[in-house]
Amino acid sequence: MPLVTSKEMLLKAQEGGYAVGAFNAENMEMVKAIIQAAEELKAPVMIQTTPSTIKYGTLETYSAIVAAEAEKASVPVCLHLDHGSSFDLAMKALKAGYTSVMMDGSKLDFEGNIEVSKKVADVAAAMGIPCEAELGKVGGKEDDLEAEADTNTDPQQAKEFVERTGVTSLAVAIGTAHGFYVGTPVLDKERLSEIREVVDIPLVLHGASGLTDEDVMDCVKRGICKVNFATELRAAYSKAVRETLADEAVFDPKAYGKAGIAAVKELVMARMKVCGCDGKAE
């Protein structure tokens, strides 16, 4: 089916008490793996690209690849701009055919974040496209975006932020980090519950690579409707490729591409089950 927006799938997740898995793709093989996993489990799915991935392959290229693969799929597929770093990039993504965008103004002060998030949300809404924003800072490193320390989201600020910006989903900081964790993450789950009480739009969890299944499931129970996975997919793909290339007789790129697809598909299916979105596609 054609690409869909994230609006309906996230609202259904919120109503049904599960989360949609959102998976970052770097190439055609990862796109195929993610959609194959969604097809097999009958799950709605979001495929995401970050600014550095876009710099590598362009918005138009990823839009074309995902749209072509989604067209053959029987489950809803959404193409999302992850960590949109500027108003300009978000506008280019909308023009290129992305069906969901994120404006990440979390590096700005509260008022600055509100200003740029509202600006993107207003244009996206006029086009019928949902807009995600982030309040608080998720630690670790996501491409070129790095936070020196975690600053968890304040519930009352979250309420004001959502009311003033009109965004349709909100990424919250509760102690997660981008990339792989150096130590054991300590999540402020009570903070998440407090945010859920005062914010009525779908909440998003970033930095889920490396979290235990139990942590992810608990966060979903407390109101998370979308969970992002990126680093662990890259690691699974790269490991499968390296193992295939260890055989010097292998010289066809399709051979290690197929190995990468299999590894990513297996991981995505496992994460979808943890999010509880398997069997939720109509």
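Biologist: Before we start, when do two strands count as paired?
Modeller: Two strands pair if DSSP finds at least two bridges between them. Keep in mind that this model is predicted.

Biologist: Okay. What do the eight strands form here?
Modeller: They make a closed barrel with parallel pairing. The order is S1-S2-S3-S4-S5-S8-S10-S11. On average, neighbouring strands are turned by 25° against each other, direction ignored.

Biologist: Zoom in on S2 and S3. How many bridges join them?
Modeller: Five. S2 covers residues 45-49 and S3 covers residues 77-84. Met 46 stands opposite Cys 78 in S3.

Biologist: Which strands does helix H6 lie across?
Modeller: H6, residues 110-126, lies across S4 (100-103) and S5 (131-135). Its angle to S5 is about 175°.

Biologist: New topic: the largest nonpolar core. Which residues touch the most other members?
Modeller: Ile 34, Val 77, Tyr 98, Leu 170, Val 227 and Met 272. That core has 86 residues. Helix H2 (residues 28-41) gives the largest share, eight residues.

Biologist: And Leu 170, what is it in contact with further off in sequence?
Modeller: Leaving aside neighbours within four places, its contacts include Ala 133, Leu 135, Phe 161, Ile 201 and Val 204. Glu 134 is another of the contacts.

Biologist: Last one. At what angle do H10 and H11 cross?
Modeller: Roughly 145°, and their axes come within 8 Å. H10 is residues 231-245 and H11 is residues 253-275. The crossing is right-handed.

Biologist: What kinds of residues make that contact?
Modeller: There are 14 nonpolar, three polar and two charged. Among them are Leu 233 and Tyr 237 in H10, and Ile 261 and Arg 271 in H11.

Conventions
Residues are numbered from 1 along each chain as its sequence is written. This is a predicted model: local features need pLDDT of at least 70, side-chain atom pairs count only at pLDDT 80 or more; totals for chains, interfaces and linings use all residues. Side-chain values use heavy atoms; hydrogens and water are left out. Axes are lines fitted to C-alpha atoms, for helices over the stretch in contact, and angles run from 0 to 180 degrees between N-to-C directions. Helices (H or I, at least four residues) and strands (E, at least two) are DSSP runs, numbered from the N terminus. A crossing is left-handed if the near helix is turned anticlockwise from the far one by less than a right angle, and right-handed if clockwise. Contact means heavy atoms within 4.5 Å. Ala, Val, Leu, Ile, Met, Phe, Trp, Tyr, Cys and Pro count as nonpolar, Asp, Glu, Lys and Arg as charged, and the others, Gly among them, as polar. A nonpolar core is a set of buried Ala, Val, Leu, Ile, Met, Phe, Trp, Tyr and Cys residues joined through side-chain atoms within 4.5 Å. Buried means under 20% relative accessible area, exposed over 50%, partly exposed in between (1.4 Å probe, protein chains only).
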